[in-house]
Amino acid sequence: MDREDKSCFVWHAYVEQTSLKLKWYTNINAVQSMLQKRSGRSGALTPLQYRHEMRSVFVEHWEAEKLGFYNSIKPCFAEEPYLSSGITHQESKRLTQLRTSSHGYSVEWGRYAKNRANPLSKICRHCSTTDEEALFTLTELPLFEPIVEDELHVLRTCPLYHDLRSYLCDDIKNGIFSNVGDIFSENLVKDTSRFILRAFKRRFPKTK
């Protein structure tokens, strides 16, 4: 947009939108201010500098606790092979959700629950007793370790998906336990994404 041409329609639309202080504009301003402050520069950042700062922010969050699983399977900052592997939209969606801990499994829900300090907030309900009183009693024991429904539990051990794992090739079965990042490699990701989608549908069946 040419700011010198004050008569153009786009410019007037921009001025009107910014004067209303709509959420999209205030959010962009907030991000710009945050990146400007991070950079330590006094003048306005160039597009390349903004890109550099945004990448730095991403890497910092990448190494955060929420992205612990993601960090364990992604050794470097680069495009992932599965993005151009030809898997379906649904497979890609569920694969990305699992990799980034943006799914509906208990470890994610428990992270934001009101009782998130309670060790039971992230347990696998399929692998644990449904007796709430018994579970509460177990939490009082000093060596109690709940079975957490996290990404590795879904991939490796939860019996809810045992039959689905039986169809996986040996390379994926071995990779799940040795180096889980390998199962997302270009030659294995199609079978991996299919398993993840089927597991998700079983865990979260659609209600009619």
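**Notebook: side-chain contacts**

I began at phenylalanine 204, which is partly exposed, with a relative accessible area of 24%. I note here that the model I am reading is predicted.

**Entry: rings**

How many aromatic pairs does a search of the whole structure find? I got 2 aromatic pairs. In one of them, the rings of phenylalanine 200 and phenylalanine 204 have centres 4.8 Å apart and planes at 45°, so I wrote the pair down as tilted. The angle falls between the limits, since planes under 30 degrees apart would count as stacked and planes over 60 as edge-to-face. I then looked up the accessibility of phenylalanine 200 and found 16%, which is buried. Phenylalanine 204, where I started, is partly exposed. I followed the ring pairs further and found that they link Tyr105, Phe200 and Phe204 into a cluster.

**Entry: a charge over a ring**

Which ring does the charged end of arginine 99 sit over? I found the ring of phenylalanine 184, with the charged end 4.9 Å from the ring centre. I kept arginine 99 in mind, because the name Arg99 comes up again below in a salt-bridge network.

**Entry: cysteines**

I searched the whole structure for disulfides and got 0. Why is there no bond at cysteine 124? The closest cysteine sulfur to that of cysteine 124 belongs to cysteine 127 and is 3.6 Å away, which is too far for a bond. The cut-off I needed for this step is 2.5 Å between the sulfur atoms. I ran the same check on cysteine 158. Its closest cysteine sulfur is also in cysteine 127, at 3.9 Å, again too far for a bond. Is cysteine 124 buried or exposed? I read a relative accessible area of 1%, so cysteine 124 is buried. For cysteine 158 I also read 1%, and cysteine 158 is buried.

**Entry: salt bridges**

I counted salt bridges next, and the total came to 6. I wrote out three of the pairs, as follows.

The pair of lysine 74 and glutamate 80 has its closest N and O atoms 2.6 Å apart. Lysine 74 has 3% relative accessibility and counts as buried. Glutamate 80 is at 14% and counts as buried too.

In the pair of arginine 111 and glutamate 108, the closest N and O atoms are 2.5 Å apart. Where do these two residues lie? I placed both in helix H6, residues 106-112, where they are 3 residues apart, about one turn of the helix. Arginine 111 is at 14% relative accessibility and counts as buried. Glutamate 108 is buried as well, at 10%.

Arginine 203 bridges to glutamate 149, with the closest N and O atoms 2.7 Å apart. I traced arginine 203 to helix H11 (residues 189-203) and glutamate 149 to the loop between helix H7 (132-139) and helix H8 (151-156), so this pair ties together parts that are 54 residues apart in sequence. Arginine 203 is partly exposed, at 24% relative accessible area, whereas glutamate 149 counts as buried at 2%.

Which residues are joined into one network by salt bridges that share partners? I found Lys74, Glu80 and Arg99 there. Arginine 99 therefore appears twice in these notes: in this network, and with its charged end over the ring of phenylalanine 184.

Definitions and conventions:
Residues numbered from 1 in each chain as written. Predicted model: local features only at pLDDT ≥ 70, side-chain atom pairs only at ≥ 80, totals over all residues. Heavy atoms only, no water. Buried < 20%, exposed > 50% of the residue type's maximum accessible area, 1.4 Å probe, protein only. Phe/Tyr/Trp six-rings, centres within 6.5 Å; stacked < 30°, edge-to-face > 60°. Lys NZ or Arg CZ within 6 Å of the ring centre and 35° of its normal. Salt bridge = Lys/Arg side-chain N within 4 Å of Asp/Glu carboxyl O. Helix = DSSP H or I, 4+ residues; strand = E, 2+ residues; numbered from the N terminus.
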